[in-house]
Amino acid sequence: MKTGVLLVNLGTPSAPTAKAVKTFLSQFLHDRRVVDVPRALWCPLLHGIILPFRSPRVARLYQSIWWEEGSPLMVISRRQQAALAEALNEAGIDMPVALGMSYGEPSLATAWQELKSAGVDRVVLLPLYPQYSVSTTASVFDGWARLMKKERLVPAFRFIHDYHDHSGYIQALAESVRRHWEQHGRGELLLLSYHGIPRRYEDEGDPYGQQCHRTSELLAAELGLERHQWRTTFQSRFGREEWLQPYTDDTMKALPGEGIKRLDVICPAFSADCLETLEEIAEQNRELFMASGGEAYHYIPALNDQPAHIRMMMDLVCRELV
Ligand SMILES: C=CC1=C(C)c2cc3[nH]c(cc4nc(cc5[nH]c(cc1n2)c(C)c5CCC(=O)O)C(CCC(=O)O)=C4C)c(C)c3C=C
Ligand SMILES: [Fe+2]
Ligand SMILES: [Fe+2]
């Protein structure tokens, strides 16, 4: 059998324009794993208010972080794909690596066609979400299952569920923080900000929040931090419902009043930098912290295509070869 790797991430608009953002948001926000409100209530709100008003506003945000080669999330994902393929090749492992996105292009279908053309009949699916969530990981599984419905011969496959406590992941994060401290000095607090989910999803069994807290504990232990030197928060709230707490933005406003003026922020749930880290954390939240009396604010980049991150991906994938 020939095994191939399918790296999956969320996806991103094809251009920083209102039209492209609307297309992307429409596909994303129609996914019942992401928004589970009954369609009769959700669709009028989505089509009447959210898509027309949010798309131009969010397009301006994408413009502020867009790179010459494209959306940071896409550019970094392609680099990860190339780096993993090279690492496998150097190790003498013949395993094609494809990239598929849950929303937009390259789709899972495009990625699967690439693997099929390379003669792959066994697939290791690696959703690049360290912490399992119904809104991300389960949605990758749905996308794969939908695709497989069209196949007569379903390939053998393995699905990497999560890696929130994988030692290579924790060490890669720790290495990144230490390197940052060596280059920029050390803040009084390390804030670990994770993408949020509605609190209700957790109440209904999503282990995401618990896995985020476990990642934080393991990283803090690896760095030898005392309990008052790190904190976990949740960002990127959407809609009126309660999401996982404490909220990142409220924490930013409160920290200087608690005497914390120098802050380091890392976003462990994002395997690649994107709008939610480069704009929301590195820009918007910096402004909140500084306007509330903060003096120094450093965003520590996502693991992206750092060698330690690629080594971790290789380990995750190679474990599935047995
Ligand atoms: C509608 C509710 C949302 C849930 C639940 C959600 C969960 C979730 N998302 C990520 C990672 C990413 N989110 C990104 C963008 C993004 N997320 C939402 C909403 C929810 N996310 C929206 C509406 C958007 C689009 C931007 C916006 O309109 O604000 C991205 C991609 C960013 C990019 O650069 O293109 C990522 C990655 C996780 C990990 C997660 C739950 C665990
Ligand atoms: Fe709709
Ligand atoms: Fe999101």
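Biologist: How does the span of helix α8 compare with what is expected for its number of residues?

Modeller: A helix is read by setting its end-to-end span against the expected rise of 1.5 Å a residue. This is a predicted model. Here helix α8 covers residues 208-223, which makes 16 residues. From first C-alpha to last, α8 reaches 23 Å, close to the expected 22 Å.

Biologist: What follows α8?

Modeller: The residue after a helix can be read from its backbone angles. Here α8 is followed by G224, with a positive phi near 70°.

Biologist: Which residues of α8 are buried?

Modeller: Burial is read from a count of neighbours, and 20 or more other C-beta atoms within 10 Å make a residue buried. In α8 the buried residues are Y208, G209, Q211, C212, T215, S216, L218, L219 and A220.

Biologist: What covers the buried residues of α8?

Modeller: The cover includes two helices, α6 (167-184) and α7 (199-203), and two strands, β5 (189-195) and β6 (230-235). As for its placement, α8 lies across β5 and β6 and runs at about 150° to β6.

Biologist: In what order do the strands of the sheet with β5 and β6 stand?

Modeller: A sheet is read by strand order and by pairing direction. This one is open, has four strands in the order β6-β5-β7-β8, and pairs them in parallel. Its edge strands are β6 and β8 (296-300), each of which pairs on one side only. Neighbouring strands are turned by 25° against each other on average, direction ignored.

Biologist: How many bridges join β5 to β7?

Modeller: Four bridges join β5 to β7 (residues 262-266), and the two strands run parallel. One residue pair to look up is L191, whose bridge partner in β7 is V265. Helix α11 (residues 280-291) lies across β5, β6, β7 and β8, at about 160° to β8.

Biologist: What is the strand order in the sheet that contains β1?

Modeller: Read it in the same way. The order is β2-β1-β3-β4 in an open sheet of four strands with parallel pairing. At the edges are β2 (97-101) and β4 (156-159), each paired on one side only. From one strand to the next, the twist averages 25°.

Biologist: How many bridges join β1 to β3, and what stands opposite T3?

Modeller: Strands β1 (residues 3-9) and β3 (residues 122-127) run parallel and are joined by six bridges. Opposite T3 stands R122 in β3. Helix α5 (residues 137-148) lies across β1, β3 and β4, running at about 150° to β3.

Biologist: Which residues are closest to ligand 1?

Modeller: A ligand site is read as a shell of residues around the molecule. For ligand 1 that shell holds 23 residues, the closest being T12, S133, H195, C274 and L275. The elements giving two or more residues to the shell are α2 (39-65) and α10 (275-278). By type, the shell divides into 14 nonpolar, seven polar and two charged residues.

Biologist: Why does K22 count as partly exposed?

Modeller: The count of neighbours decides again. K22 has 19 C-beta neighbours inside 10 Å, so K22 counts as partly exposed, because a buried residue needs 20 or more. K22 is found in helix α1 (residues 18-29).

Biologist: Which residues does K22 touch, leaving out those up to four places away in sequence?

Modeller: Leaving out such residues shows contacts between separate parts of the chain. Here K22 touches L51 and S55. K22 and L51 are 29 residues apart in sequence, with 5.9 Å between their C-alpha atoms.

How values were computed. Residues are numbered from 1 along each chain as its sequence is written. Chains are lettered from A and ligands numbered from 1 in the order in which they are written. This is a predicted model: local features need pLDDT of at least 70, side-chain atom pairs count only at pLDDT 80 or more; totals for chains, interfaces and linings use all residues. A residue is buried if 20 or more other C-beta atoms lie within 10 Å of its own, exposed if 12 or fewer, and partly exposed in between; C-beta atoms are placed from the backbone. Two residues are in contact if their C-beta atoms, placed from the backbone, lie within 7 Å. The expected span of a helix is 1.5 Å times one less than its number of residues. A residue is near a molecule or strand if its C-beta atom, placed from the backbone, lies within 6 Å of it. Ala, Val, Leu, Ile, Met, Phe, Trp, Tyr, Cys and Pro count as nonpolar, Asp, Glu, Lys and Arg as charged, and the others, Gly among them, as polar. Two strands pair if DSSP finds at least two bridges between them. Axes are lines fitted to C-alpha atoms, for helices over the stretch in contact, and angles run from 0 to 180 degrees between N-to-C directions.
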